[in-house]
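Me: I'm new to reading protein structures. Please pick a single part of this one, look at it closely with me, and then tell me how it fits into the whole.

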Amino acid sequence: MAYYYLVSQLPNISASESKSALPLNTESFKELCSRFISEKEKTVLNALSLVPPRELEATGSVFLDTWYTKERNLRFALAQIRAQKMKKDAYTLPDGCTADIIAAARTAVGMDSPYSAEQFLYEYRLKLLDDLKPFDSFSMDAVYAYGVKLMLVERMRKFDTENGKSSYHKIYDTILGENV
């Protein structure tokens, strides 16, 4: 089934770092979609998340299954590299964890600034989304891809450099104060 009328109503969202308001948020996106999709698709859409399930579960969407697998692999790679850096035990990387995922995780973990690492991972995820985007722009997978991109952009726009630095220093000072 083609979702022409739904997709044609979705505004373009810019992935740039501009703090201007997005034309819609995740909640309004899901509400709009709910008028055009089946109950089964609503269930999948309402479960849409930036955090993949720890154990992979089939969603019924080729795009989402692939996205969740790659995101899950990235998170495991980040955890393993951070654990190795702290000389701790880590989870074994899942099968299918590719060299580009491991390289992205290494790059992010190696950055001095947590915000820079987040920006790098944001760009990596956006590129991955572009690579996985379905050829049929009017498919339900295209709608799911739009939703994931919207959630990524919303998440990244919540970051505030000054508040982040302030929070980081407060936590760091607390840790040092407790260990002295």
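Reply: Happy to! Let's start with Lys70, whose relative accessible area of 24% makes it partly exposed. Buried means under 20% relative accessible area, exposed means over 50%, and partly exposed is in between, using a 1.4 Å probe and protein chains only. Before we go on, please note that this is a predicted model, where local features need pLDDT of at least 70 and side-chain atom pairs count only at pLDDT 80 or more, while totals for chains, interfaces and linings use all residues. Residues are numbered from 1 along each chain as its sequence is written, and side-chain values use heavy atoms, leaving out hydrogens and water.

Lys70 sits in helix H4. Helices here are DSSP runs of H or I with at least four residues, strands are runs of E with at least two, and numbering goes from the N terminus. Leaving aside residues up to four places away in sequence, Lys70 touches Ile101, Leu128 and Leu132; a contact means heavy atoms within 4.5 Å. Ser34 is 36 residues from Lys70 along the chain, and their C-alpha atoms are separated by 27 Å.

Now follow the contact with Ile101 into helix H5, which covers residues 99-109. Ile101 is buried there, along with Ile102, Ala104, Ala105, Ala108 and Val109. Looking down the axis of H5, you would see these buried residues fall within an arc of 160 degrees, so they line one face of the helix. That arc is taken from the directions from the helix axis to the C-beta atoms. Here is a handy rule: an α-helix has 3.6 residues a turn, so residues three or four places apart point the same way. On the other side of H5, Ala99 and Arg106 are exposed. The cover over the buried residues of H5 includes helix H4 (62-85) and helix H6 (114-132).

Next, step back to the loop between helix H3 (39-46) and H4, where you will find Ser61. Ser61 counts as buried, at 2% relative accessibility. A polar atom of its side chain lies 3.0 Å from the backbone nitrogen of Leu64. Ser61 also touches Asp141 and Tyr144, again not counting residues up to four places away in sequence.

Finally, the whole picture. The protein chain has eight helices and zero strands, and 38% of its 180 residues count as buried. Its C-alpha trace spans about 60 × 40 × 25 Å along the principal axes. Among contacts with a separation of 6 or more, 63% join residues 24 or more positions apart.

Methods. Polar contact = N/O pair within 3.5 Å; in protein donor to acceptor, adjacent residues only side chain to side chain.
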